[in-house]
Amino acid sequence: MHLRHQIVALAIVPLIVAILTITAFITWQSTTLVQSSIDTFEKNMLEAKENELLNLTNLALSAIHDVYMKAGPEDDAAKERVKAILKSLDYGEDGYFFVYDYDGNNLVHPRQDFRPGRNWLDLVDPNGDRVIANLIAKAKEGGGLHQYKWEKPSSGKLADKLSFAAGLDKWGWMIGTGVYLDDVFAQTDAAKADLRENIRMTFLVVILIAVPAVLLVFATCMMITLRERRLADNRLKELTQRVIDTQEEERARLARELHDGISQNLVGVRYAIDLASRQVKNRSENASKAIDVGVEALNGAIKEVRRLSHELRPRVLDDLGLTPALKALSENFTERTGIDVELEAAWQDMLRPEASTALYRIAQEALNNVERHSGATRVEIRLWSERGRVRMTIADNGNGFEEDRVKEGRGGLGLRNMQERMAHFAGLLLVKSGPEGTRLTAMLPKSANRAAERRPEAA
């Protein structure tokens, strides 16, 4: 996967995961809350139905109380009067009272005329519930509620029914009434349908928000990626051009050095040899003096070659380390320019070779800038380590320059090269300049240090 694809994935995948997680949580929470509300509503409705049944049963018992209390166990006239009273106590199309004796024989049923006079003790509903037997058992226990399946008079279809059965023990009767629960369940089903609709709407809203958000993030990431890629391409072009400019500048410097230094020395050597040759042919006494002049000129050319090779890659840096290399660089700089250089190195060499080379090149470039631009008379180089991080400071007492040019990236080629050398090691190059002079501080991280060598374990 390319870097830009990784960036897009890292931007979009967490967003999608977060949206899905939030949606799932909201859906779960909404479902839980609504289901709890539906369960509470259903419970309250059932409790209301139960209270209604108790009130109706008490009403019926109150209606027959006087007759029942004055009658004896075998008072047929009283029994008929009670049957008539209970049969007349209708409350709506589906509300009525029914009476069975404890043996299961139906005595009163206003809605189903075929039931009175027959025994229904073994009647079973579609769920396998022995309806009449269980109602009689509740009555014998002192009264209670029982739920079962029964035909609803208004619709002629089976429906859930909740009945309360009470006992008239003196006569061995069970009196009861019930309410049908299909309206309760219909309301809860409607609430559940609303819940499903709300969940569907929640998903729809989330999709309407999430999809544009994902597309917006994707478009933003693509724009940022394209912008960064264009910037990277531009920086690469600038870097390539900078490398070419550096190469051309170095070639021009070497050409000047060869032409003005080594070439002139070699020309002098040639003239001295030609003069010595003529004098030897003429048997002149000054021949040896001419040869000495040629040897001296040749030694100057050799020194110049060594100086150039030392600037290109100092052997002392590879052989002895950074501190001796900086010391040699400082001495040569002072000898060549007359500018005093003070070197303070309070540290132990712990850098990787390439990091040492980077600090050496920074010092070399800084001294070249001092020589060309600063007008300084004194330079201080300080090298130390702080909590395992190597630091190098180069300060002069010259006339300085504008710091804004460096901050805005408009500094010279040398400063840019120094900054890029530090950036290669994830380090920093701090520049502070003013009328009192310029201070460069190169800061390397611990990652630029050599890895600690493992000590062999004792046998």
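Begin by selecting helix 7 (322-337), which lies across strand 6, strand 7 and strand 8 and runs at about 170° to strand 6; axes here are lines fitted to C-alpha atoms, for helices over the stretch in contact (heavy atoms within 4.5 Å), with angles running from 0 to 180 degrees between N-to-C directions. Helices (H or I, at least four residues) and strands (E, at least two) are DSSP runs numbered from the N terminus. What you have open is a predicted model, in which local features need pLDDT of at least 70 and side-chain atom pairs count only at pLDDT 80 or more, while totals for chains, interfaces and linings use all residues. Residues are numbered from 1 along each chain as its sequence is written, and side-chain values use heavy atoms, with hydrogens and water left out.

Next, show the sheet beneath this helix's label: five strands form an open sheet in the order 6-7-8-10-9, with mixed pairing, where two strands pair if DSSP finds at least two bridges between them. Strand 6 (340-346) and strand 9 stand at the edges with a single partner strand each, so one side of each has no neighbour in the sheet. From one strand to the next the twist averages 10°. Strand 6 and strand 7 run parallel and are joined by seven bridges; to see one position along strand 7, select Leu-383, which stands opposite Ala-345.

Now select helix 8, which lies across strand 7, strand 8 and strand 10 and runs at about 10° to strand 8. Its 22 residues (353-374) should span 32 Å at 1.5 Å a residue, and the end C-alpha atoms are 30 Å apart, which agrees; the expected span is 1.5 Å times one less than the number of residues. Just after helix 8, Gly-375 takes a positive phi of about 70°.

Then display the largest nonpolar core, which has 38 residues, with Leu-322, Leu-359 and Val-379 among those making the most contacts inside it. Such a core is a set of buried (under 20% relative accessible area, 1.4 Å probe, protein chains only) Ala, Val, Leu, Ile, Met, Phe, Trp, Tyr and Cys residues joined through side-chain atoms within 4.5 Å. Helix 8 supplies its largest share, nine residues. Apart from this core lies another, of 22 residues, including Val-67 and Phe-97.

Finally, select residues 201-226, which, with 7-28, an unreviewed UniProt entry annotates as "transmembrane region"; such annotations may be inferred rather than shown by experiment. Over residues 201-226 the chain is 100% helix and 0% strand, with end C-alpha atoms 37 Å apart.

Methods:
Buried means under 20% relative accessible area, exposed over 50%, partly exposed in between (1.4 Å probe, protein chains only).
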